[in-house]
Amino acid sequence: MSTISFKISDAEFEVMRILWREKKAVSFSDIRIELSDKMGWEKSTIATLLRRLQKKGAVSIQEKEIHYYVPNITKEDYMISKKRSLIDKLYDGSTKNFVAALCRNGELTETDIDELKMYFRMEDKNK
C-alpha cells in the first residue's frame, strides 16, 4: 500500500474520478467535455486542475499527438489514505471507535450490522 502525501481538492477529485473510471490515458478534450457538461467548468478551469494534479504528482501526461492524462495513484490507495486520515483526525486512530460511532448514530441499519458480522466471521476463518 502506498502512502498518499498530498491532498486532492473536491474539484481535483472530479478529474481523478474520470481518470480512475477510464483505466486508460484520457485526452484533455475528453476530460473537458465531461466536466463542462457535468460541472459547467470552463476549459481554463479544467486545465488549471490538471496542472495542479500533475504538480502534486497525482497524474502524469503522456505526450502523443495531444496530451493524455493518466493517474499516478489508484483510487483504492487514495481512499485508504483519506480513510486513515479521517480516523486519525476524528477518532484518535481508532477504527473501532469510528465503527462504534456509526452504530451509535444510527448510520448503520440492522442489516448493515448483520452483514458486517458475517464479514468479520469470514475474515477470521481466512486467517
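Student: Is the crossing of α2 and α3 right-handed or left-handed?

Tutor: The crossing of α2 and α3 is right-handed: the near helix is turned clockwise from the far one by less than a right angle, whereas anticlockwise would be left-handed. The model is predicted, so local features need pLDDT of at least 70 and side-chain atom pairs pLDDT 80 or more, while totals for chains, interfaces and linings use all residues. Residues are numbered from 1 along each chain as its sequence is written, and side-chain values use heavy atoms, without hydrogens or water.

Student: Where do α2 and α3 lie in the sequence, and at roughly what angle do their axes cross?

Tutor: Helix α2 covers residues 28-39 and helix α3 covers residues 43-56; helices here are DSSP runs (H or I, at least four residues; strands are E, at least two). Their axes come within 10 Å and cross at roughly 120°, with axes fitted to C-alpha atoms and angles from 0 to 180 degrees between N-to-C directions. That crossing makes α2 oblique to α3 (under 35 degrees is roughly parallel, over 145 roughly antiparallel, 65 to 115 roughly perpendicular, the rest oblique).

Student: Which residues of α2 and α3 meet?

Tutor: Contact means heavy atoms within 4.5 Å. On the α2 side you will find Phe28, Ile31, Arg32, Leu35 and Ser36. They meet Lys43, Ile46, Ala47 and Leu50 of α3.

Student: How do the axes of α1 and α2 cross?

Tutor: For α1 and α2, the axes come within 11 Å, with a crossing of roughly 130°. This makes α1 oblique to α2, and the crossing of this pair is right-handed. Glu14, Val15, Arg17, Ile18, Leu19 and Arg21 of α1 meet Ile31, Glu34, Leu35, Lys38 and Met39 of α2. Ile31 and Leu35 of α2 also appear in the contact with α3, so try picking out those two side chains in your viewer.

Student: Which residues of the largest nonpolar core touch the most other members?

Tutor: In soluble globular proteins, nonpolar side chains tend to be buried together. A nonpolar core is a set of buried Ala, Val, Leu, Ile, Met, Phe, Trp, Tyr and Cys residues joined through side-chain atoms within 4.5 Å. Here the largest core has 22 residues, and Ile8, Met16, Leu19 and Ile31 touch the most other members. Helices α1 (10-22), α2 and α3 each supply at least two residues of this core, with the largest share, 6 residues, coming from α1.

Student: What is Leu19 in contact with, beyond its sequence neighbours?

Tutor: Setting aside residues within four places in sequence, Leu19 contacts Val26, Ile31, Val59, Tyr69, Val70 and Pro71.

Student: Where is Lys23 found?

Tutor: Lys23 is in the loop between α1 and β1 (26-27). Its phi is near 55°, a positive value in a residue other than glycine. With 74% relative accessibility, Lys23 counts as exposed (over 50%; buried is under 20%, partly exposed in between, with a 1.4 Å probe and protein chains only).

Student: And what is phi for Asp92?

Tutor: Asp92 has phi near 50°, again positive in a residue other than glycine. Asp92 lies in the loop between α4 and α5 (95-104) and is exposed, at 76% relative accessible area.

Student: Which residues does Arg84 touch?

Tutor: Not counting residues up to four places away in sequence, Arg84 touches Gly93, Ser94 and Thr95. Arg84 sits in helix α4 (residues 75-91) and, at 32% relative accessibility, counts as partly exposed. The C-alpha atoms of Arg84 and Glu107 are 19 Å from each other, with these positions 23 residues apart along the chain.
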